Amino acid sequence: MKRTAQSEGVLTLARSAPTIPESSPKGGTTVAQGVSPGYTARSGPSPVGTAHLRVVRSLITLATTLVILWILLSPLTTRAAADAPPDPTRGKQLFEKRCTGCHSLDADKEGPHLRGVYGRKAGTAPGFGYSDALKAANFTWNDALLEKWLTDTESVVPDNNMDFHVPNPDERADIIGYLKVSSGH
Ligand code: HEC
């Protein structure tokens, strides 16, 4: 049965060959000739099995290799993303999403206004009611301190009043990039 079906296939291909436009008669002939020896070679039962097994085995090997490569390379790509320069535009969006519940650039709310905070001495926005802890802080906000502050405010100034942090390092970097740009740095 199989062999009949296959030879019919070959016959159909061979028969259809002449219908290929006359401008490329060679191409048509090549297709028909190329296919029929292939069918003949695979019509024996044992070569079919072996060839199939070989193909399946090499596909499995290929898939395994790809998965291993993917697992090995994914931390690299993640780290590359973390090393990417801060994106102040994305930082602005994140600031509006995460910080504006308590801060704005130019008005004091539950937290002090933040325009100019980069390069400003901590706890010194005029007229804002800081915690005693932040008022007593004696440093100027820079990349490293803002990074630490947004990770865990308590690690910078224990007993401060800002009960919030940003767990994602990429987000922290972008927000700091935005604070920096909006402070004129
Ligand atoms: C739940 C309210 C709240 C949220 C949300 C919040 N903050 Fe604050 N933030 C405060 C308060 C209150 C203070 C003043 C802390 C003190 O006096 O101890 C403060 C202080 C600060 C300071 C120090 C300012 C200075 O003049 O020394 C910085 C910098 C800061 N916040 C950045 C941010 C950023 C960036 C975000 C968003 C990722 C954010 N905060 C989200 C409430 C908040």
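A nonpolar core, as used here, is a set of buried Ala, Val, Leu, Ile, Met, Phe, Trp, Tyr and Cys residues joined through C-beta atoms within 7 Å. With that in hand, here are my notes on this predicted model.

1. **Confidence first.** The average pLDDT over the chain is 80, and 69% of the residues reach at least 70. The weak stretch is residues 1-38, where pLDDT is below 50; even so, the model gives this stretch 19 contacts beyond near neighbours in sequence. I'd leave those contacts alone, because predicted coordinates should not be read in detail where pLDDT is low.

2. **Overall layout.** The chain has seven helices and zero strands, so the pattern along the sequence is simply α-α-α-α-α-α-α. Of its 185 residues, 13% are buried. Among contacts with a separation of 6 or more, 48% join residues 24 or more positions apart.

3. **The core.** The largest nonpolar core contains 17 residues, and F95, V117, I175 and L179 have the most contacts inside it. Helix 4 (88-98), helix 6 and helix 7 (169-182) each put at least two residues into this core. Helix 7 gives the largest share, with five residues. The next three points take helix 7 and then two of those well-connected residues in turn.

4. **Helix 7.** Its geometry checks out: 14 residues at 1.5 Å a residue should span 20 Å, and the end C-alpha atoms are indeed 20 Å apart. The buried residues of helix 7 are R172, A173, D174, I175, I176, G177, Y178, L179 and K180. Helix 4 and helix 6 are among the elements that cover them. Just past the end of helix 7, G184 has a positive phi of about 85 degrees.

5. **L179, on the helix 7 side.** L179 sits in helix 7 and counts as buried because 28 other C-beta atoms lie within 10 Å, where the cut-off is 20 or more. Setting aside neighbours within four places in sequence, L179 is in contact with L114, V117, Y118 and L146. V117 is another of the residues with the most contacts inside the core. For a longer-range check, try L179 and D143: they are 36 residues apart in sequence, yet their C-alpha atoms are 9.8 Å apart in space.

6. **F95, on the helix 4 side.** F95 belongs to helix 4. What makes F95 buried? There are 22 other C-beta atoms within 10 Å of F95, so F95 passes the cut-off of 20 or more. Outside its neighbours within four places in sequence, F95 contacts T100, I175 and Y178. I175 and Y178 are both on the list of buried residues in helix 7. F95 and D174 are 79 residues apart along the chain, with 9.0 Å between their C-alpha atoms.

7. **The ligand shell.** Which residues come nearest the ligand? Of the 28 residues around the ligand, they are C99, C102, G111, S131 and N160. Helix 5 (132-136) and helix 6 (143-151) are the elements that give two or more residues to this shell. Helix 6 supplies the largest share, three residues. By class, the shell around the ligand has 18 nonpolar, seven polar and three charged residues. Helix 6 therefore turns up twice in this note, once as a contributor to the core and once in the ligand shell.

8. **G123, in a loop.** G123 falls in the loop between helix 4 and helix 5. Is G123 buried or exposed? Neither quite: with 19 C-beta neighbours inside 10 Å, G123 counts as partly exposed, since 20 or more would be needed for buried. Not counting residues up to four places away in sequence, G123 touches Y130, L134, K135 and A137. L134 and K135 lie within the 132-136 range of helix 5. G123 and T140 are 17 residues apart in sequence, and 9.3 Å separates their C-alpha atoms.

9. **One backbone angle to look at.** D159 lies in the loop between helix 6 and helix 7. Its phi is near 70 degrees, a positive value in a residue other than glycine. Most residues other than glycine have a negative phi. D159 has 11 C-beta neighbours inside 10 Å, so D159 counts as exposed, the limit being 12 or fewer.

Note on methods
Residues are numbered from 1 along each chain as its sequence is written. This is a predicted model: local features need pLDDT of at least 70, side-chain atom pairs count only at pLDDT 80 or more; totals for chains, interfaces and linings use all residues. A residue is near a molecule or strand if its C-beta atom, placed from the backbone, lies within 6 Å of it. Helices (H or I, at least four residues) and strands (E, at least two) are DSSP runs, numbered from the N terminus. Ala, Val, Leu, Ile, Met, Phe, Trp, Tyr, Cys and Pro count as nonpolar, Asp, Glu, Lys and Arg as charged, and the others, Gly among them, as polar. Two residues are in contact if their C-beta atoms, placed from the backbone, lie within 7 Å. pLDDT is the predictor's confidence in each residue, from 0 to 100. The expected span of a helix is 1.5 Å times one less than its number of residues.
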